[in-house]
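Trainee: Please choose a single part of this model and take me through it slowly, one step after another. I would like to see how its pieces are put together before we look at anything around it.

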Amino acid sequence: MAFNYEERFLYMEDVSIREISKKVPTPFFCYSKRALKENFDKFKKVFPKATICYAIKANSNIAVIKTLAACGAGADVVSGGELFLALKCGIPGSKIVYSGVGKTEKDISLAIQNEIKQINIESAEELEAVNQTAIRLCTRANIAIRINPEVDAHSHDKITTARVTDKFGILWPDALELYKKASNMSGVRIKGIAVHIGSQILDLKPFEETFKKLVKMVKELEKNDIVIENIDIGGGLGVVYKYKEDKPVRTEAFAKLVDKYLAPLKKHIIMEPGRKIVANAGILVSSVLYNKKSGRKDFLIIDAGMNDFMRPALYSAWHEILPVRDWNNRVMKKYDVVGPICESGDTFAKSRELPQLEHGELVAIMGAGAYGSSMGSTYNFRPLTAEVLVDGAKYKVVRKRQSYEDMIASQLDLLK
Ligand SMILES: *Cc1c(COP(=O)(O)O)cnc(C)c1O
């Protein structure tokens with residue numbers, strides 16, 4: 001485990017969170033290098049031949065990406081910026097896949113110039129744009145078509161991506177036509193097929209349904225003389241957020257399913273895990289500012305807000321909140337844990353049982369490694385949060401908190 005209570009205080013690996021907070025003002029994200037590596041290595045172990053493209057949008061800190069790249073990770077990118085970042089972190093184009101419904105011509109050029117493994121096409125017009133761009137660059141672009149297999153991943157509405165009404169991919173009955181079109185284009189090289197059905201999926205069934213459709217599709221393509229090399233099965237594996245309650249799919253069970261359905265096709269497997277690698281490798285550390293009794297409510301006001309960590313506000317996500325000083329012999333209280341932002345949605349937990357916490361005490365919001373910092377904003381003109389990487393008995397600030405001066409620099413220059 002990356003987390004433990006030792007001598008009454010929360011530790012990440014061999015570093016006391018309280019010790020870090022003496023040097024790094026809260027709020028800050030804190031990641032365990034060991035957990036990142038273990039989580040990635042588990043994928044590598046069960047999928048030894050696959051290309052495992054870490055989904056950069058889950059956590060785009062350079063130290064995190066480099067840690068994973070050193071373990072052999074490729075990258076799944078969904079913007080020109082993420083593509084730039086992946087390349088900067090030393091991930092070769094041959095290990096990068098690029099999805100997203102709104103790629104600009106500039107993004108597409110960057111992808112083609114770096115000969116990435118595949119651009120996952122999400123619409124007919126995009127395919128046309130990729131073809132034209134490649135022709136202009138006197139080359140061919142490696143492409144896959146992201147199909148929408150029309151399965152409901154039964155996750156949160158906002159992170160389910162493969163229902164017939166979702167904006168992603170090509171509806172699977174329409175995919176064959178588009179492949180045929182692509183096979184006649186001089187600027188593209190058909191490499192694969194891709195899916196990504198959603199995120200925080202806790203059940204194998206939607207994956208199974210998807211794989212069945214993938215098999216059908218690949219056979220259909222081959223009947224039409226369209227041969228692909230890669231099957232990109234996306235990401236989406238869920239993690240434990242609520243202790244003792246969430247029962248996520250085990251990576252091994254997922255691998256068995258891939259084996260059962262896709263191995264017989266003898267294609268190269270690409271996968272795009274994000275959350276499963278980083279979510280539980282990270283926490284958000286925050287200090288208690290105030291206890292506020294209001295009517296029958298006890299509010300615990302902390303110094304982290306929805307701008308630092310948006311998941312509770314955006315998805316009503318549950319995150320465990322642990323006191324950094326242990327629970328032993330403490331008076332328990334039911335709190336609404338809230339941040340300082342001027343929005344009622346700036347709430348991390350409602351009626352949560354916690355020990356009574358005083359001004360200055362630390363809390364850790366658990367499972368904050370994925371879609372935490374990468375979704376951060378400067379709303380209420382709050383600086384982007386600092387990030388810390390723990391490695392054994394050492395730790396390092398891997399992103400400084402923005403200063404107010406940093407925050408105004410891009411505007412101030414223009415007013416001179
Ligand atoms: C977000 C995303 C992922 C990663 O999803 P996780 O649930 O974090 O594993 C993978 N592929 C695509 C195309 C995505 O948009």
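Mentor: Let us start where strand E4 (residues 28-32) runs antiparallel to strand E14 (residues 282-294), the two being joined by four bridges. Strands here are DSSP runs of type E with at least two residues, helices are runs of type H or I with at least four, and both are numbered from the N terminus; two strands are said to pair if DSSP finds at least two bridges between them. Please keep in mind that this is a predicted model, in which local features need pLDDT of at least 70 and side-chain atom pairs count only at pLDDT 80 or more, while totals for chains, interfaces and linings use all residues. Residues are numbered from 1 along each chain as its sequence is written, and side-chain values use heavy atoms, with hydrogens and water left out.

Within the pairing of E4 and E14, Phe28 stands opposite Val285. E14 has further partners, and one of them is strand E19 (residues 362-365), which runs antiparallel to E14 and is joined to it by four bridges; there, Ser286 faces Val363 across the pairing. As you follow such a strand on the screen, it helps to remember that in a regular strand the side chains alternate between the two faces of the sheet.

E14 also pairs with strand E15 (residues 297-302), again antiparallel, through six bridges, and in this pairing Tyr290 has Ile301 as its bridge partner. E14 and E15 form a hairpin with two residues between the strands, and in this hairpin Gly295 takes a positive phi near 60°.

Now look at the side chains of Lys293 and Asp298, which meet in a salt bridge at 3.5 Å, N to O; a salt bridge here is a side-chain nitrogen of Lys or Arg within 4 Å of a carboxyl oxygen of Asp or Glu. How are the two ends of this salt bridge covered, buried or exposed? Asp298 counts as buried because its relative accessibility is 14%, whereas Lys293 is exposed because its relative accessible area is 62%. The cut-offs are under 20% relative accessible area for buried, over 50% for exposed, and partly exposed in between, with a 1.4 Å probe and protein chains only as cover. Elsewhere, salt bridges that share partners join Asp157, Arg163 and Asp166 into one network, and the count by this rule comes to 21 salt bridges.

For comparison, take a salt bridge in a helix: Glu177 and Lys180 form one, with their closest N and O atoms 3.8 Å apart. Both residues lie in helix H7 (residues 172-183), three residues apart, about one turn of the helix. An α-helix has 3.6 residues a turn, so residues three or four places apart point the same way. Glu177 is exposed, since its relative accessible area is 52%, while Lys180, at 32%, counts as partly exposed. Another salt bridge links Glu245 with Lys242, with the closest N and O atoms 3.6 Å apart; here Glu245 is partly exposed at 49%, and Lys242 is also partly exposed, at 24%.

Let us finish with the cysteines. How many disulfides does the rule give? The count comes to zero, where a disulfide is a pair of cysteine sulfur atoms within 2.5 Å. The sulfur of Cys30 cannot be counted in such a pair because the closest cysteine sulfur, in Cys71, is 18 Å away, too far for a bond. For Cys71, in turn, the closest cysteine sulfur is in Cys89, at 13 Å, which is again too far for a bond. Cys30 counts as buried, because its relative accessibility is 0%, and Cys71, at 11%, counts as buried as well.
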